[in-house]
Amino acid sequence: MKVTTAALPLLPLFQRLLPGLPGLPGLSGLPSVPGLPDLAGLPGRLTGLSLTLLKASALEAAILAGHLLLYPSGIIQERHPVQALRPTNDRDDRDDQDARDARDRDPQPSPPLPRLPAPVSPPVVLLHGFIDNRSVFLLLRRSLAQHGRHEIESLNYSPLTCDIRTAAELLGRHVEEICERTGSERVDVVGHSLGGLIARYYVQRLGGDLRVRTLVTLGTPHAGTKVVPLANAHPIVRQMRPGSAVIEELTRPAPGCRTRFVSFWSDLDRVMDPLETACLDHPDLSVQNVRVSGIGHLALPVHPTVATGIRQALDTAGPETDGETSTDTGKHSGGLTVA
């Protein structure tokens, strides 16, 4: 392929339009261009990049279509039926009397069979993103349930909610109700997009670290996102902008925070601008940032590879870590590649 100096002024433009575009150091017979890498292998790299973008875009479209079909099923808040007392009758009374007579005849009952201690996992609370509902977690719930998580609950907050603080207070009341009903002292929370920001506000600003053991965020704008400026008409979108009062509150010190954070962020997430805003970096928080390659924003709570990563993140935080503060703050460790 022949390259002339006439094309060099256009290279910065191409690099801005295609962030993954490799650059060029100095080609034979051409002046060296600082900051631009080598052009050899450029066609192959561009082909790989375009195929990845095409696959991710097609997957996002398919997930959006499927989610629109499931959306009505998640509008109603989850119900938790109260276990009714078993009605008694004369037959039950006779059976109970026979059992008491048998115990009187045999005053030394057989010792119960020993039971192996079952691993105890805290309940998992799922919190959806902006203008969404609990139906987005259908596949993730199934994955968690198949791997031993039996207490899984989703919280719907109204799409008319205009304040992250108000939604965080609602989450706090929901968590207290779950703890009282299940007898668990702490819960794990998984929040997608805005849901992760609401959960983080609850943990950092409302004392939720006493209740939340692990908070997993999926594509959450921890530092604020600049995407779709026209969406500023909604107050809660303005709170997700860089420099907003809520984002500033979350940058304040949080000494002794007992919650462990795991933040999944995607290199093809077009809702995050810049992409790294979905990484959590705070000096007082125990954080693991996990990069996901090959999928977009909508696929984060749906893709099975990410579901596996979420399960591993929740299982990693064992009881021995409760109440302890890790020094691993802001670590960009781990990575998932979805092909």
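In what order do the strands of the open sheet run, and is their pairing parallel or antiparallel? The sections below start with that sheet and move outward to helices, salt bridges and a few local details.

## The sheet

This is a predicted model. Its open sheet holds 7 strands in the order 2-1-3-4-5-6-7, and the pairing is parallel. Strand 2 (152–155) and strand 7 (335–337) take the edge positions; each has a single partner strand, so one side of each is left without a neighbour in the sheet. From one strand to the next, the twist averages 15°. As background, strands of a sheet pair through backbone hydrogen bonds, either parallel or antiparallel.

At one edge, strand 6 (residues 286–293) and strand 7 run parallel and are joined by 3 bridges. Here you will find Ser-293 standing opposite Thr-337 in strand 7.

## Two helices on the sheet

Helix 5 (residues 164–182) lies across strand 1 (124–127), strand 2 and strand 3 (187–192). Its direction makes about 155° with strand 2. Helix 6 (residues 194–205) also packs on the sheet, where it touches strand 1, strand 3, strand 4 (212–218) and strand 5 (260–266). Relative to strand 4, the direction of helix 6 is at about 150°.

How do these two helices meet? Two packed helices are described by the angle between their axes and the distance between the axes. For helix 5 and helix 6, the axes come within 8 Å and cross at roughly 70°; the two helices are therefore roughly perpendicular to each other. On the helix 5 side, the contact involves Ile-164, Arg-165, Ala-167, Ala-168, Leu-171, Gly-172 and Val-175. Helix 6 contributes Leu-194, Leu-197, Ile-198, Ala-199, Tyr-201 and Tyr-202. Sorted by character, the residues of this contact comprise 11 nonpolar, 1 polar and 1 charged.

## A look around Leu-215

Leu-215 sits in strand 4 and is a good spot from which to view the packing. Is this residue buried or exposed? Leu-215 has a relative accessible area of 0%, so it counts as buried.

Leaving aside neighbours within four places in sequence, the contacts of Leu-215 include Val-189, Gly-196, Ala-199, Arg-200 and Val-203. Thr-259, Arg-260, Phe-261 and Val-262 are also in contact with Leu-215. Phe-261 is 46 residues from Leu-215 in sequence, yet their C-alpha atoms are 4.9 Å apart in space.

## Salt bridges

How many salt bridges does the structure hold? There are 10. In general, side chains of opposite charge can pair when their charged atoms come close. One of these pairs is Asp-188 with Arg-149, at 3.2 Å from N to O. This pair links distant parts of the chain, with Asp-188 in strand 3 and Arg-149 in the loop between helix 4 (138–146) and strand 2, 39 residues apart. Asp-188 and Arg-149 are both buried. They also belong to a network of salt bridges that links Arg-149, Asp-188, Arg-213 and Asp-315.

Arg-165 is worth a visit too. Its side chain meets that of Asp-163 in a salt bridge, 3.1 Å from N to O. Arg-165 also forms a salt bridge with Glu-249, where the closest N and O atoms are 2.9 Å apart. Glu-249 lies in helix 8 (residues 245–250) and Arg-165 in helix 5, so the pair ties together parts that are 84 residues apart in sequence. Glu-249 counts as buried at 10% relative accessibility, whereas Arg-165 counts as partly exposed at 25%.

## Backbone details in the loops

Which residues does a cis peptide bond join? They are Asp-273 and Pro-274, with omega about 0°. Pro-274 is found in the loop between strand 5 and strand 6.

Two residues other than glycine have a positive phi: for Ser-193 the value is near 55°, and for Val-228 it is about 50°. Ser-193 belongs to the loop between strand 3 and helix 6, while Val-228 is placed in the loop between strand 4 and helix 7 (235–238). Ser-193 has a relative accessible area of 10% and is buried. Val-228, at 49%, is partly exposed, because a residue counts as exposed over 50%.

Notes. Residues numbered from 1 in each chain as written. Predicted model: local features only at pLDDT ≥ 70, side-chain atom pairs only at ≥ 80, totals over all residues. Heavy atoms only, no water. Pairing = 2+ DSSP bridges. Helix = DSSP H or I, 4+ residues; strand = E, 2+ residues; numbered from the N terminus. Axes fitted to C-alpha atoms, helices over the stretch in contact; angles between N-to-C directions. Contact = heavy atoms within 4.5 Å. Buried < 20%, exposed > 50% of the residue type's maximum accessible area, 1.4 Å probe, protein only. Salt bridge = Lys/Arg side-chain N within 4 Å of Asp/Glu carboxyl O. Parallel < 35°, antiparallel > 145°, perpendicular 65-115°, else oblique. Nonpolar A, V, L, I, M, F, W, Y, C, P; charged D, E, K, R; others polar.
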